[in-house]
Amino acid sequence: MSVREEFDEWAATGKDRGMEDRHWHTAKHVLARMPVEAGDDVLDLGTGSGYALRALRERGIGRGYGLDGAPEMARNAREYTDDGAVGFAVGDFDELPFADDSLDHVFSMEAFYYAADPVNTLREVRRVLRPGGTFYCAVNYFEESETTHAWQENISVEMTLWSREEYREAFREAGLYVAEQDAIPDREVEIPDAEEFPVDGYETREAMVDRYRTWGTLLTVGVAP
Ligand SMILES: C[S@@+](CC[C@H](N)C(=O)[O-])C[C@H]1O[C@@H](n2cnc3c(N)ncnc32)[C@H](O)[C@@H]1O
């Protein structure tokens, strides 16, 4: 299945809003750290419902661009806002439809590892960022968060499983400085008492604690020279 087929189905069954609710637990902390200024132009890679751009517009960014490979995702995102300064387009991480040095910041939540060629995507991010521009790349699926590894079994699109170090190396290889890397715990998901397990696909309480409280979301911040 292609990105389009897989995620069009997610959008059609309301999973876009479901992801927004869950991802917001940690995405809001990532967004709060972004050094956006009034009038900045921001790209959201794999925008889903477009919630990140709606939130950043409240902080005064100029234009927000949401890119997604699934037309149904982009169509839903458009419906969720009447803000004319936010636009949604269908496109692929392989080739970003933006000119060189044209954006102040790029954000991505739970989407980057679906890129067919993630190093090329990083080069594309580097290309479209203005000097000093930032890439806030947030993922829940990464090597150290072992309980997430099984996710690949339930999704047809190939996912890249990098470690924290591999993210840093790839950012540098693509020409981005690594300004910060951090694991942001999800403190909002409720974790039941030990005797209630297995629940929600977690065999033990320890596994669920590992997924949400120990690891949560891996944030890697790149800066364009
Ligand atoms: C797991 S969802 C996350 C959506 C949103 N960022 C969020 O936090 O809820 C991943 C999104 O990335 C998009 N996507 C995946 N691979 C892509 C690619 N190669 N090019 C463009 N979009 C892609 C999917 O269509 C989907 O909307």
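Analyst: Helices (H or I, at least four residues) and strands (E, at least two) are DSSP runs, numbered from the N terminus; by that convention Asp 101 lies in the loop between strand 3 and strand 4 (103-109). This is a predicted model, in which local features need pLDDT of at least 70 and side-chain atom pairs count only at pLDDT 80 or more, while totals for chains, interfaces and linings use all residues. Residues are numbered from 1 along each chain as its sequence is written, and side-chain values use heavy atoms, with hydrogens and water left out.

User: What makes the phi of Asp 101 worth a remark?

Analyst: Most residues other than glycine have a negative phi. Asp 101 is not a glycine, yet its phi is positive, at about 50°.

User: What is the peptide bond from Phe 197 to Pro 198, cis or trans, and where does Pro 198 lie?

Analyst: With omega near 10°, that bond is cis, and Pro 198 belongs to the loop between strand 6 (177-184) and helix 7 (205-215).

User: Why are strand 2 and strand 3 called paired?

Analyst: Pairing requires that DSSP find at least two bridges between two strands, and 5 bridges join strand 2 (residues 64-68) to strand 3 (residues 86-90), so the criterion is met, and the two run parallel. One of the partnerships sets Tyr 65 against Gly 87 in strand 3.

User: What makes the unit of strand 2, helix 4 and strand 3 right-handed or left-handed?

Analyst: Strand 2, helix 4 (residues 71-79) and strand 3 form a β-α-β unit that is right-handed, which means that, with the strands pointing away from the viewer, the path from the first strand over the helix to the second runs clockwise.

User: Which contacts of His 23, Asp 92 and Phe 93 with the ligand are polar contacts, and why?

Analyst: A polar contact is a pair of N or O atoms within 3.5 Å (within protein, one must be able to donate a hydrogen and the other to accept it, and residues adjacent in sequence count only if both atoms are side-chain atoms). A polar side-chain atom of His 23 lies 2.9 Å from a ligand oxygen, a polar side-chain atom of Asp 92 lies 3.3 Å from a ligand nitrogen, and a polar backbone atom of Phe 93 is 3.1 Å from a ligand nitrogen, so each of these pairs qualifies.

User: How much of the ligand does the protein bury?

Analyst: Taken alone, the ligand exposes 590 Å² (Shrake-Rupley method, 1.4 Å probe), and the protein buries 98% of that.
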